[in-house]
Amino acid sequence: MSEIIKNIKGTKDILGNESNLWQYIESEIHSFMKLYGYDEIRTPKFENSSLFNRSIGQDTDIVSKEMYSWKDQGGNNLTLKPEVTASVVRAFIQHNLGKRNPLNKLYYIDSLFRRERPQKGRYRQFEQFGVEAIGSENPEQDAEIISLAYNFYSKIGIKDLKLKINSIGSKNSREEYKKSLKSFLKPHLDKLTSVSQKRFNNNPLRILDTKVQTEIEIIKKAPRIIDYLSQVDKKHFKKVLFYLDSMEIKYEIDHYLVRGLDYYCKTVFEIQSNDLGSQSALCGGGRYDYLIEELGGKKTPAIGFAAGIERLILAMNYDDNRFNKSTDIFIVTIGEDAISMGLKISDSIRLNTKLAVTCDMLRRSLKSQMKEANKLNAKYSIIIGEDELQANKVIIKDMNSGVQKNVHFDKINLFFK
Ligand code: AMP
């Protein structure tokens, strides 16, 4: 016997009822985005590697060790998309979207690839939805994006949401802070991990992003970036908080929240759920006012967030039966002659009423076909046997009440309208 080929570690198959749950979430995302006036953007699954090398940052985990990159037969360096913002910005610049619209409000649902250590809530291929608002530098844009994320989770029924927010300032504010952070960390350098020691020189802010407990203890006494913000940055942050207050969105200022990607500036935020355990972040985002210019476009302010769908599912409390496979009508055919009539009636109902119809394909006994109709929660079954064929009629059974009715072939669609 030949060996069975299995899926790759960190990937998964979505089967049966679970795919109904995914469809539900995706349709909720699409309709929610419409409420906020965001348009969908779809970008390719792979891009030139340089796009991610230039945007995400060389010392981030993603670029330094997690990207799936390869050289194709034509010698091009390619990468499976590890995040979406860089691709959206590439498309924004390439298609000159800024010229078409002063403000581009975009959203996506996409598959991402990162070679991380797989665990609950962390995969090597995972799905994200997210939004990017490109064109406004105003704090109301930050507040709208944050409220969109927060309200989406509330609407889909996630309780115990925790919104953490911080400002990491614009470039100038950050330079001052970096100096002060480095002088604070210097005496502790030998107690930091080798990764953080490397970051100490290249990107000390990223040390704040540590998940190592001993480092977290040290950082608790580190200077706070908020004390180093310029007046303009401070005013921006205050306004964002003011708008959140006025929308009655609760937040917690986390002075050490910096996020894992290098391109962020000013407002950064994360929404967590207590139900998630160690991988508690549902979504994260922030401003990236410099990225478009850094990737060769015209200086354009922007803000966005990305949200993991697997994490959302882990945090969702839903009735297991809610996403069961179902149908409106089950067609029971008895005997070979009834099959063609069954097929014809099925299509006619589907096309004329939009009701979902399932027709037996296994030539089962009457009893097991009725059992299947029950399993699929059919509201009605239509029974076609020898006698019915002779009389040009079918039996329509209301599966709830058990009431049966004889209906002429020509009147079936009318019955369901
Ligand atoms: P990031 O793009 O790293 O800012 O992550 C944004 C969100 O995507 C996180 O808050 C998670 O919900 C989700 N996420 C990130 N990495 C993974 C992963 N490896 N597996 C599953 N979800 C992920």
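Let me start with a word we will need: a residue counts as buried when its relative accessible area is under 20%. Keep that cut-off in mind, and remember that what we are looking at is a predicted model.

Let's try the word out on Leu185, which lies in helix H7, residues 171-185. Is Leu185 buried or exposed? Its relative accessible area is 1%, so Leu185 is buried. And what does Leu185 touch, once we set aside residues up to four places away in sequence? The answer is Phe200, Ile207 and Ile218. Here is one more thing to find on your screen: Leu185 and Lys221 are 36 residues apart in sequence, and their C-alpha atoms are 9.9 Å apart in space.

Now to the sheet. It is an open sheet of eight strands, and the pairing is mixed. If you walk across it, you meet the strands in the order E1-E5-E6-E11-E10-E9-E7-E8. Which strands sit at the edges? They are E1, residues 39-40, and E8, residues 252-253, and each of them pairs on one side only. As a reminder from your lectures, strands of a sheet pair through backbone hydrogen bonds, either parallel or antiparallel.

Let's zoom in on one pair. Strand E5 covers residues 104-113 and strand E6 covers residues 125-134; they run antiparallel, and ten bridges join them. If you would like one bridge to look for, take Leu112, whose partner in E6 is Phe126.

Two helices that pack on this sheet are worth finding. One is H4, which touches E5 and E6, with its direction at about 45 degrees to that of E6. Another is H10, residues 231-246, which touches E7, E8, E9 and E10. The direction of H10 makes about 160 degrees with that of E7.

Let me stay with H10 for a moment, as His236 lies in this helix. His236 has a relative accessibility of 8%, so His236 counts as buried. Leaving out neighbours within four places in sequence, the residues in contact with His236 are Glu137, Asn138, Pro139, Asp142, Lys266, Thr267 and Arg287. Please remember Asp142, Lys266 and Arg287 from that list; we will meet them again.

Back to H4. How many of its ten residues are buried? Seven are, so H4 is largely enclosed by the rest of the structure. The buried ones are Thr85, Ala86, Ser87, Val88, Val89, Ala91 and Phe92. What do they pack against? Their partners are strands E2, E5 and E6 together with helices H2, H5 and H11. Just after H4 comes Asn96, with a positive phi of about 55 degrees.

One of those partners, H2, deserves a closer look. H2 is residues 49-56 and H4 is residues 85-94; their axes come within 10 Å and cross at roughly 110 degrees. The two helices are therefore roughly perpendicular to each other. On the H2 side, the contact is made by Leu51, Phe52 and Ser55, and on the H4 side by Ala86, Ser87 and Arg90. Sorted by type, these contact residues are three nonpolar, two polar and one charged.

My last topic is charge. The whole structure has 27 salt bridges, and I have picked a few to show you. In one, the side chains of Asp61 and Arg199 meet, with N to O at 3.2 Å. This pair links distant parts of the chain: Asp61 is in helix H3 and Arg199 is in helix H8, 138 residues apart. Asp61 is partly exposed at 30%, whereas Arg199 counts as buried at 9%.

Another salt bridge joins Glu217 and Lys220, with the closest N and O atoms 3.1 Å apart. Here Glu217 is partly exposed at 38%, and Lys220 is exposed at 53%.

Then there is Asp227 with Arg224, at 3.3 Å from N to O. Asp227 counts as partly exposed at 48%, and Arg224 counts as partly exposed at 34%.

And here are the residues I asked you to remember. Salt bridges that share partners join Asp142, Lys266, Arg287 and Asp289 into one network. Thank you for listening, and do go and find these residues on the screen!

Notes: Residues numbered from 1 in each chain as written. Predicted model: local features only at pLDDT ≥ 70, side-chain atom pairs only at ≥ 80, totals over all residues. Heavy atoms only, no water. Axes fitted to C-alpha atoms, helices over the stretch in contact; angles between N-to-C directions. Helix = DSSP H or I, 4+ residues; strand = E, 2+ residues; numbered from the N terminus. Parallel < 35°, antiparallel > 145°, perpendicular 65-115°, else oblique. Contact = heavy atoms within 4.5 Å. Nonpolar A, V, L, I, M, F, W, Y, C, P; charged D, E, K, R; others polar. Pairing = 2+ DSSP bridges. Buried < 20%, exposed > 50% of the residue type's maximum accessible area, 1.4 Å probe, protein only. Salt bridge = Lys/Arg side-chain N within 4 Å of Asp/Glu carboxyl O.
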